[in-house]
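Reader: I would like to understand how the descriptive words used for a protein model are justified. Could we go through some of them slowly?

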Amino acid sequence: MLSSSHLRAAATVVRPSALLRRSLARSAAIPAVQIAAQRARHFSTEKTTKKKKKGGGLTLGIVRETYDKWERRAPLCPDHVSSLLSKYGPSSSSSTEEPLLNGVIVQPASHRIYTDREYENAGASLSDDLSGADLIFGVKQVEESRLLNDKSYMFFAHVIKGQPENMSLLKKVLDGNVQLFDYECINEEWLDANNNKNKRRMVAFGKYAGIAGMIDSFQCLGRRLLAGGYSTPFLNCPPTYMYEDLTEAKAGVERMGRYIARRGLPGGLEPLVFVFTGRGNVTKGSMEIFDLLPHEMITKEDLPRLRKEWDEQLKNGTLPVQDKVYGLQL
């Protein structure tokens, strides 16, 4: 168990500078690397200073994600790598200047959404050995056994709240003289209407989390309705990971919407109301997918009316057929 002094020390390690925070989390990889390079160059101990490095540039690394077997994301895509090398790599510098970026090393991974060949074509080198990298990027936590001492890492560490399950990882970071840039700690300051300073995270769930969550929810809804005796087209909506890209995913949702508009949902099924409890980026992503369905937006004051109309149709001996769904934003 880590002591309070350990946690205080860790807080210093995992919080990057304000300048780095502003740059990194806009998904603007090029400015991020430029500033992170400055921090990595200043990050040294007796161990690292004794090792003379060839060239003054920075070498980036991208880890193979091993925390979750379903994790296919990458912290930098091949386009990022290509842009970084083009702007800061050896070919961008004159003969008298040292490049900011020496290169990018990518650990091969057959489950990553981008292929190894795409990274090679972008100018990266493939290697299981990341010891030559200065700043190593990941998405989720790097396994403790894979953390390299005296390196700089950037990933979601899930330690800033003192999560018990990750305290051993934090101890490994401290004991191994690892400089950790935790995405969760990348914030920006903003002024509210009263000119008060506030902070907000810049790397967090966003629009695409809402998009993926909404699509995945459709099949869950389909299964739930089937358990209640209703077969619906929601059951045939694949989860997000089964689509090749967003265009294909949206096309699948649109097909489902056309089916609902043409044939309707099962008779007797109560009106389906999708409630959105927020107005942030996740909600915007969710509603971007919801808007592909035949729908009507209502207010909470409309709910009693909607239910009353449905009950009246049942009393008249008819099974109401729903050819659309309803949306409610709180």
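**Words and the values behind them**

Author: In this predicted model, helix α8 and helix α9 cross in the left-handed sense.

Reader: What makes α8 oblique to α9?

Author: The axes of α8 (residues 207-227) and α9 (residues 246-263) come within 12 Å and cross at roughly 40 degrees. Angles under 35 degrees count as roughly parallel and those of 65 to 115 as roughly perpendicular, so the crossing makes α8 oblique to α9.

Reader: Which residues make the contact, and how do they divide into nonpolar, polar and charged?

Author: Tyr208, Ile211, Ile215 and Phe218 of α8 make the contact with Leu246, Ala249, Val253 and Met256 of α9. Because Ala, Val, Leu, Ile, Met, Phe and Tyr are among the residues that count as nonpolar, the contact divides into eight nonpolar, no polar and no charged residues.

Reader: Why are β3 and β6 called edge strands?

Author: The open sheet has six strands in the order β3-β2-β1-β4-β5-β6, with parallel pairing. Both β3 (125-126) and β6 (179-182) are edge strands because each pairs on one side only.

Reader: How do you know that β2 and β3 pair?

Author: Two strands pair if there are at least two bridges between them, and β2 (residues 101-106) and β3 are joined in the parallel sense over two bridges. Isoleucine 105 has serine 125 in β3 as its bridge partner.

Reader: Which helix lies across β1 and β2, and at what angle to β2 does it run?

Author: Helix α5 (residues 78-88) lies across β1 (58-62) and β2, and runs at about 160 degrees to β2. Angles over 145 count as roughly antiparallel, so α5 is roughly antiparallel to β2.

Note on methods:
Residues numbered from 1 in each chain as written. Predicted model: local features only at pLDDT ≥ 70, side-chain atom pairs only at ≥ 80, totals over all residues. Heavy atoms only, no water. Helix = DSSP H or I, 4+ residues; strand = E, 2+ residues; numbered from the N terminus. Contact = heavy atoms within 4.5 Å. Axes fitted to C-alpha atoms, helices over the stretch in contact; angles between N-to-C directions. Left-handed = near helix turned anticlockwise from the far one by under 90°.
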